[in-house]
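Me: I would like to learn how to read a fold step by step, beginning with a pair of helices and then moving on to sheets and the core. Could we go through it together?

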Amino acid sequence: MSRFGTMFFADPVEALTNIGRALLPGARLVQLVWQDSSRQEWVAAIHRALLGGDPPVPIAGDGPFSLADPATVNGILTTAGFTDVRITDVCEPVYYGADPDAAVDAVLVLCMASDLLAQLDADETERALERLRLVMAAHSTTGGVWFDSRAWLITARR
């Protein structure tokens, strides 16, 4: 079972083939992976806050959205020796922290945020962080800071 981890395999076919070798025949593999970045409220909100504009069109490949395409996932798993691949849409909010400050701290550990901030000078960084704090405050509820998100729940058999 993997929750948002298999998207980072450098060679997913090789990695999942190796995982498959460790499973008993008929064993089930379960993955939760992000859908396309354009379907993630948090991606757009963070990008707008840090750079002041919409994120670029998603690029397939490495990173957290590398398994966003169901046809790609099906092909990878089939090539890796899995059968009975099922992909289910999951629409659940993602939690960023108990309050806006905790949410900002959670965002700042993401590669996405550090990569965006690396493009800015010190003054721009301070303004970007203030915008990020405002975005987190706007998404704050009595139950914490939440953003809409979409994932795929993927199951397959070895």
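Me: When α4 passes α6, is the crossing left-handed or right-handed?

Reply: Bear in mind as we go that this is a predicted model. The handedness depends on which way the near helix is turned from the far one, and a clockwise turn of less than a right angle counts as right-handed. Here α4 passes α6 in a right-handed crossing.

Me: At what angle do the axes of α4 and α6 cross?

Reply: The axes of helix α4 (residues 100–108) and helix α6 (residues 122–138) cross at roughly 125° and come within 9 Å. Angles of 65 to 115 degrees count as roughly perpendicular and those over 145 as roughly antiparallel, so α4 is oblique to α6.

Me: Which residues of α4 and α6 meet?

Reply: From α4 come Pro 100, Ala 103, Val 104, Val 107 and Leu 108, and they meet Leu 129, Leu 132, Arg 133, Met 136 and Ala 137 in α6. Met 136, leaving aside its neighbours within four places in sequence, also has Ile 46, Val 145 and Phe 147 among its contacts.

Me: Which residues have the most contacts inside the largest nonpolar core?

Reply: They are Tyr 96, Leu 132, Met 136 and Phe 147, in a core of 36 residues. Helix α2 (residues 41–51) supplies the largest share of this core, namely six residues.

Me: In what order do the strands of the three-stranded sheet lie?

Reply: To read a sheet, one follows its strands from neighbour to neighbour, and in this open sheet the order is β4-β6-β5, with antiparallel pairing. Because β4 (94–97) and β5 (140–141) stand at the edges with a single partner strand each, one side of each is left without a neighbour in the sheet. Two bridges join β5 to strand β6 (residues 144–147), and Ser 140 has Val 145 in β6 as its bridge partner. Helix α4 lies across β4, β5 and β6, running at about 105° to β4.

Me: What is the order of the strands in the open sheet of four?

Reply: The order is β1-β2-β7-β3, and the pairing is mixed. At the edges stand β1 (2–3) and β3 (83–91), each with a single partner strand, so each has one side without a neighbour in the sheet. Strand β2 (residues 28–34) runs antiparallel to strand β7 (residues 150–157), and seven bridges join them, with Val 30 standing opposite Thr 155 in β7. Helix α3 (residues 70–79) packs on this sheet, where it touches β2, β3 and β7, and its direction makes about 150° with that of β3.

How values were computed: Residues are numbered from 1 along each chain as its sequence is written. This is a predicted model: local features need pLDDT of at least 70, side-chain atom pairs count only at pLDDT 80 or more; totals for chains, interfaces and linings use all residues. Side-chain values use heavy atoms; hydrogens and water are left out. Two strands pair if DSSP finds at least two bridges between them. Contact means heavy atoms within 4.5 Å. Axes are lines fitted to C-alpha atoms, for helices over the stretch in contact, and angles run from 0 to 180 degrees between N-to-C directions. A nonpolar core is a set of buried Ala, Val, Leu, Ile, Met, Phe, Trp, Tyr and Cys residues joined through side-chain atoms within 4.5 Å. Buried means under 20% relative accessible area, exposed over 50%, partly exposed in between (1.4 Å probe, protein chains only). Angles under 35 degrees count as roughly parallel, over 145 as roughly antiparallel, 65 to 115 as roughly perpendicular and the rest as oblique.
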